[in-house]
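Thanks for passing this one along. Here are some notes to read beside the model, with the ligand site as their topic.

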Amino acid sequence: MSAEDIKTTVRERYGQAALRVVSGAGSSCCGGSCGTGTDDPITSNLYSAAETAVLPAEAVLASLGCGNPTALAELHEGDVVLDLGSGGGIDVLLSARRVGPTGKAYGLDMTDEMLALARENQRKAGVENAEFLRGEIEAIPLPDASVDVIISNCVVNLSGDKRKVLAEAFRVLKPGGRFAVSDVVVRGEVPAAVRSSMELWVGCVAGALTEDEFRSLLAEAGFEQIGIEPTRIYEFEDARAFLSGAGLDTEVLAREVGGRVMGAFIRARKPAPAA
Ligand SMILES: C[S@@+](CC[C@H](N)C(=O)[O-])C[C@H]1O[C@@H](n2cnc3c(N)ncnc32)[C@H](O)[C@@H]1O
């Protein structure tokens, strides 16, 4: 699987997911089926009722993350926030409210259908301090040192060039800026059959970094104060659900993968200049 093949397939599949939401159906792309369900173990029940109550129904239906980064990130009034792979916009809209009118929340996504959905959700939510940008997380269309907080929800795993994503995140953060990302990570080894499945790459599992890889790529990019906390560990039944539909031996692989794949919150900081 080349990085370009991955990007083309991911764009196509998430474009279809956005159109399903527009047609009124739920969507769950994290998992082997990238299907129409809303109850997959990775994406379901990530937000509180208080959070979803203030959002358009389509923003909630389009939620395809694996965590709730704005609930865990340190966000201050006036901050500039950037969401890598913003999808239907749920975390951008939540962040925009948190940083208030003196702050701004950007969403960045490469899929036109997702951008259209996110902009429509922004309009319905009446949020003015947000902007959705078209582009790739490997080449962020923002200037150096222009962002206080980078968030992301289940997107770094989808990139075929994570080193570049983290280097770009570092570049656009201001000194002292925070990286506060939810993603799928892996503890230990995952079978080659899983790693080489395009279905499971699109489903946020095959491209997931191990905890150690994530730490070392963040450190290589220049980040410090790196921490990774599991937020949801996918056990056997969960693994069976997300492996199904990938055309593999689900029962056997779920036994190997269960307990090793997890949703996690990854935090790090760009060093601040010495006082
Ligand atoms: C799993 S969905 C998550 C969407 C959103 N963060 C959420 O929590 O609902 C992945 C999103 O990332 C976008 N995406 C994937 N790879 C990308 C890349 N390399 N550059 C920009 N966007 C990307 C897809 O278009 C899709 O909207």
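**Notes on the ligand site**

1. Let me begin with the ligand's nitrogen side. In this predicted model, a nitrogen atom of the ligand lies 3.1 Å from a backbone N or O atom of I137. The protein covers 99% of the 590 Å² of accessible area that the ligand has on its own.

2. Which residues offer backbone atoms to oxygen atoms of the ligand? L64 is one of them, with a backbone N or O atom 2.7 Å from a ligand oxygen. G65 is another, and here the distance from a backbone N or O atom to an oxygen atom of the ligand is 3.3 Å.

3. Stepping back to the whole shell, you will find 23 residues around the ligand. L64 and I137 return here among the closest, together with G85, D109 and T111. By character, the shell comprises 10 nonpolar, eight polar and five charged residues.

4. Where does the ligand sit? Its place is the largest cavity. A search of the whole structure for cavities of 30 Å³ or more turns up one, and the space in the largest cavity comes to about 430 Å³.

5. The lining of this largest cavity is worth a look of its own. It is made up of 34 residues, and those nearest the cavity centre are G85, S86, D109, V155 and L158. Two or more lining residues come from each of α1, α5 (90–99) and β2 (104–109). Sorted by character, the lining has 16 nonpolar, 12 polar and six charged residues.

6. Finally, please keep an eye on helix α1, which spans residues 3–22. Which element gives the most to the shell around the ligand? That is helix α1, with three residues. Helix α1 also gives the most to the lining of the largest cavity, where its share is five residues.

Terms used. Residues are numbered from 1 along each chain as its sequence is written. This is a predicted model: local features need pLDDT of at least 70, side-chain atom pairs count only at pLDDT 80 or more; totals for chains, interfaces and linings use all residues. Side-chain values use heavy atoms; hydrogens and water are left out. A residue is near a molecule or strand if one of its heavy atoms lies within 4 Å of it. A polar contact is a pair of N or O atoms within 3.5 Å; within protein, one must be able to donate a hydrogen and the other to accept it, and residues adjacent in sequence count only if both atoms are side-chain atoms. Accessible areas come from the Shrake-Rupley method with a 1.4 Å probe; for residues, only the protein chains shown count as cover. On a 1 Å grid over the protein atoms alone, a cavity is a set of points where a 1.4 Å probe fits but cannot get out, and a pocket is an open set with protein on both sides within 12 Å along at least five of seven lines; lining residues have an atom within 4 Å of a point. A molecule sits in a cavity or pocket if more than half of its atoms lie within 2 Å of its grid points. Helices (H or I, at least four residues) and strands (E, at least two) are DSSP runs, numbered from the N terminus. Ala, Val, Leu, Ile, Met, Phe, Trp, Tyr, Cys and Pro count as nonpolar, Asp, Glu, Lys and Arg as charged, and the others, Gly among them, as polar. Grid points are joined across faces, edges and corners, and a volume is the space filled by probe spheres set on the points.
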